[in-house]
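The following paragraphs lead through the structure shown below, beginning with a pair of residues and moving outward to the sheet and the core.

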Amino acid sequence: MDRESVRFDPHTTIEGTTIFDGSQAMKGYALNKMCYSFNSADNRDEFVADPEAYFTKFGLNDEQKQACRNKNVLEMIAAGGNIYYLAKFAGIYKLDVQDVGAQQTGMTKQQFQEKLKSAGD
Amino acid sequence: MAHIIGGLTSSHIPAVGNAIAKELFDEPYWKPFFEGYPPIREWLSRNKPDVAINIYNDHGLGFFLDCMPTFAIGAAHEYRNEDEGWGIPQLPPFPGDPKLSWHIIESMVEDHFDITSCQELAVDHGFTVPMQLFWPGAPSNPDMPRVVPISANTVQHPIPTLQRALDFGKALRKALLSYPEDVSILVLGTGGLSHQLDGERAGFINKDFDKMCMEKIVTDPEALAKISRMELVEKAGAQGTEFLMWMMMRGALGESVNPLHSNYHIPISNTGAGTMLLECAA
């Protein structure tokens with residue numbers, strides 16, 4: 001089938017934004033499933049005790065493992081991560097959404113908070 | 001017969017759950033946000049709905065990508081709040097109304113909305129934070145209504161269109177008004193407004209777009225229904241798609257509503273926070 005003829009909801013290019021769609025969801029399934037497991041305190045403890053074993057248990061690929069080792073959110077998104085599940089990973093390291101925002105935008109947390117505040121001006 | 005008394009909107013930011021737990025109501029950062037709620041609580045104490053339909057979006061507690069319902073309706077006797085992984089305090093269960101839930105499910109499917117019914121559903125901050133804001137101490141508040149949670153997918157594209165969300169609300173209205181019991185019903189649309197948590201564009205907030213949405217949700221929701229999903233991502237941010245919940249709520253209120261109260265504040269956490277009370281025409 002001609003791919004061009006079956007484009008639903010055609011994605012526009014939005015700078016700095018990855019649309020989490022079917023292809024991202026398939027790519028990131030193992031990573032997101034691992035992060036979803038962090039809803040349970042027992043699972044969080046098991047991860048902290050041996051992250052590498054936990055990566056293997058959930059079948060993360062090398063790109064996903066390395067992104068997690070680096071605690072790098074942009075890399076985790078590139079590897080198929082969805083921010084709602086990644087937030088649970090970040091929570092283990094006591095990082096909130098402003099820490100995560102600062103990391104992704106190359107700012108300090110204080111600079112990022114100023115940016116948010118200035119949106120109200 | 002059942003009647004719909006009005007609709008409420010609220011952001012459902014997790015940080016609010018923590019601020020409530022720590023009672024930060026008068027801190028300079030939080031005050032302009034929390035000040036938006038007492039007039040609504042006063043209205044609630046006078047009107048005392050029997051049931052609250054809480055339209056929210058799950059963020060990875062009740063549902064995962066293994067099975068992702070586009071529209072899910074709770075049909076349980078109670079709804080548990082569980083550990084979400086990053087430390088907001090857990091609340092006791094919220095009381096359900098499964099008889100009304102099944103009536104809604106039957107009516108919606110008859111009306112061609114193919115929904116997912118949930119006899120167990122763990123509800124996350126998207127559900128609990130607005131309940132705490134409107135009914136302090138929830139679920140232990142003496143005026144606590146029974147609840148029917150409705151969750152729409154905004155985790156994974158394709159998400160519903162804005163038109164579908166509004167139409168869902170209209171079908172929900174039909175379902176509620178055909179319920180034979182004499183109950184008063186309130187409809188909550190939670191989430192938003194503009195925010196983006198992920199990517200190099202993290203921290204994006206769009207005050208002009210939010211203000212436009214808060215105006216048109218009252219006067220012309222049909223105009224909002226014409227916004228495409230990608231346009232919504234672009235103008236409201238990747239997670240600003242939660243505005244779909246407001247559209248679903250609005251559809252359930254009928255053509256004409258009376259906006260009794262409104263509050264908007266930037267920023268709460270990474271979000272433009274919008275709170276509204278829309279009363280249904282008598």
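**Sheet and core of chain B**

In this predicted model, Leu8(B) stands opposite Leu277(B), a residue of strand E10(B). The strands concerned are E1 (residues 3–10) and E10 (residues 271–280) of chain B, which run antiparallel and are joined by 4 bridges.

Both strands belong to an open sheet of 8 strands in chain B, whose order is E6-E3-E7-E2-E8-E1-E10-E9 and whose pairing is mixed. Strands E6 (116–118) and E9 (257–268) of chain B occupy the edges; each has a single partner strand, so one side of each lacks a neighbour in the sheet. On average, and with direction ignored, neighbouring strands of this sheet are turned by 20° against each other.

Against the sheet packs helix H5 (residues 125–134) of chain B, which touches E1, E2 (51–56), E7 (146–152) and E8 (184–190) of the same chain. The direction of H5(B) makes about 135° with that of E2(B).

The nonpolar core may be considered next. The largest one contains 81 residues, and the members that touch the most others are Ile53(B), Ile55(B), Val187(B), Leu244(B), Met247(B) and Met248(B). Helix H6 (residues 162–177) of chain B supplies the largest share of this core, 8 residues. Another core, of 28 residues, lies apart from it and includes Leu60(A), Leu74(A), Ala79(A) and Ala87(A).

Which residues are in contact with Val187(B), leaving aside its neighbours within four places in sequence? They are Ile4(B), Gly7(B), Ile53(B), Ile55(B), Met249(B), Ala252(B) and Leu253(B).

Key. Residues are numbered from 1 along each chain as its sequence is written. Chains are lettered from A and ligands numbered from 1 in the order in which they are written. This is a predicted model: local features need pLDDT of at least 70, side-chain atom pairs count only at pLDDT 80 or more; totals for chains, interfaces and linings use all residues. A nonpolar core is a set of buried Ala, Val, Leu, Ile, Met, Phe, Trp, Tyr and Cys residues joined through C-beta atoms within 7 Å. A residue is buried if 20 or more other C-beta atoms lie within 10 Å of its own, exposed if 12 or fewer, and partly exposed in between; C-beta atoms are placed from the backbone. Helices (H or I, at least four residues) and strands (E, at least two) are DSSP runs, numbered from the N terminus. Two residues are in contact if their C-beta atoms, placed from the backbone, lie within 7 Å. Two strands pair if DSSP finds at least two bridges between them. Axes are lines fitted to C-alpha atoms, for helices over the stretch in contact, and angles run from 0 to 180 degrees between N-to-C directions.
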